[in-house]
Amino acid sequence: MAEKIILASGSPFRKALLVNAGVPVDAVPAEVDERALEAPLQGSGISPEDVALVLAEAKATEVSERMPGALVLGCDQTLSLGDEVFHKPADMEAARRHLLALSGKTHQLNSAVVLARDGAVLWRHVGVASLTMRKLDPAFIGRHLARVGAKALSSVGAYQIEGEGIQLFERVEGDYFTIVGLPLLPVLAKLRELGAIDG
């Protein structure tokens, strides 16, 4: 009998990935201030992968403390270009600046997942993908953002690779699930190992 997993996220996309994989899941968004958690980490030399882990762990443990006995999955993703970490753009001008900064360069998507129960971390993992954006003409960026609209504001890179955002790239290295924010294969393997899903 599969155990109901609690996803510490309001992301309908992450929930759909799990449901489509046959994992029974309820979404309970974490009540954490990500920017407040991240502020003391800036300038500390912590890697973008570890920033994603800190945030994913905070989400998983916060929800697991509110839901005794539940197996909780926390997730977070950072986008790093060298030492710079990007966040979801606040508006279309910020999205334009994101795409201009990423144009012609290779960036990393760091997708962290943490499983927790009763406030204790059971497992943590970070999947990393490298994406090389083609050199983008500023006028094309404007037209692209006009077409995709507010969707550009829902991801750290101001693109959705599962949609029109794929047109921005010349090379992608890494698995699709890591790129979209949930390294699904390692998660499924750990859930099987814990006996939470049939395996």
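This briefing walks through a strand, a helix and some ring contacts in the structure above. Keep in mind that the model is predicted. Strand β3 is a good place to start, since 11 of its 11 residues are buried and it is therefore largely enclosed by the rest of the structure. From there we turn to helix α4, where the buried residues line one face, and then to the 2 aromatic pairs that the structure holds.

**Strand β3 and its partners**

- In a regular strand, the side chains alternate between the two faces of the sheet.
- Both faces of β3 are covered: L71, L73, C75, Q77, L79 and L81 are buried on one side, while V72, G74, D76, T78 and S80 are buried on the other.
- Strand β1 (residues 5–7) pairs with β3 in the parallel sense over 3 bridges, and here I6 stands opposite V72.
- With β5, strand β3 pairs in the antiparallel sense over 9 bridges; look for G74 opposite V114.
- The pairing of β3 with β4 is also antiparallel, over 3 bridges, and L79 stands opposite F86 there.
- The hairpin of β3 and β4 has 2 residues between the strands, and G82 in this hairpin takes a positive phi near 65 degrees.

**Helix α4**

- Which residues of α4 (residues 92–102) are buried? They are A94, A95, H98, L99 and L102.
- Seen down the helix axis, these buried residues fall within an arc of 140 degrees, so they line one face of α4.
- The cover over them includes β3 (71–81), β4 (84–86), β5 (106–117), β6 (120–133) and α5 (138–148).
- At the start of α4, a side-chain oxygen of D91 comes to within 3.2 Å of the backbone nitrogen of E93.
- Just after the helix, G104 has a positive phi of about 75 degrees.

**Aromatic rings**

- A pair of aromatic rings is described by the distance of the centres and the angle of the planes.
- Y159 and F169 form an edge-to-face pair, at 4.9 Å centre to centre and with 75 degrees between the planes.
- Y159 lies in the loop between α5 and β7 (169–173) and F169 lies in strand β7, so this pair ties together parts that are 10 residues apart in sequence.
- Y159 is buried, at 6% relative accessible area, and F169 is buried too, at 10%.
- The rings of Y176 and F177 have centres 5.7 Å apart and planes at 75 degrees, so this pair is edge-to-face as well.
- Y176 is partly exposed at 40% relative accessible area, and F177 is partly exposed at 26%.

**A charge over a ring**

- R134 lies over the face of F140, at 4.9 Å from the ring centre.

Conventions. Residues numbered from 1 in each chain as written. Predicted model: local features only at pLDDT ≥ 70, side-chain atom pairs only at ≥ 80, totals over all residues. Heavy atoms only, no water. Buried < 20%, exposed > 50% of the residue type's maximum accessible area, 1.4 Å probe, protein only. Helix = DSSP H or I, 4+ residues; strand = E, 2+ residues; numbered from the N terminus. Arc of directions from axis to C-beta. Contact = heavy atoms within 4.5 Å. Polar contact = N/O pair within 3.5 Å; in protein donor to acceptor, adjacent residues only side chain to side chain. Pairing = 2+ DSSP bridges. Phe/Tyr/Trp six-rings, centres within 6.5 Å; stacked < 30°, edge-to-face > 60°. Lys NZ or Arg CZ within 6 Å of the ring centre and 35° of its normal.
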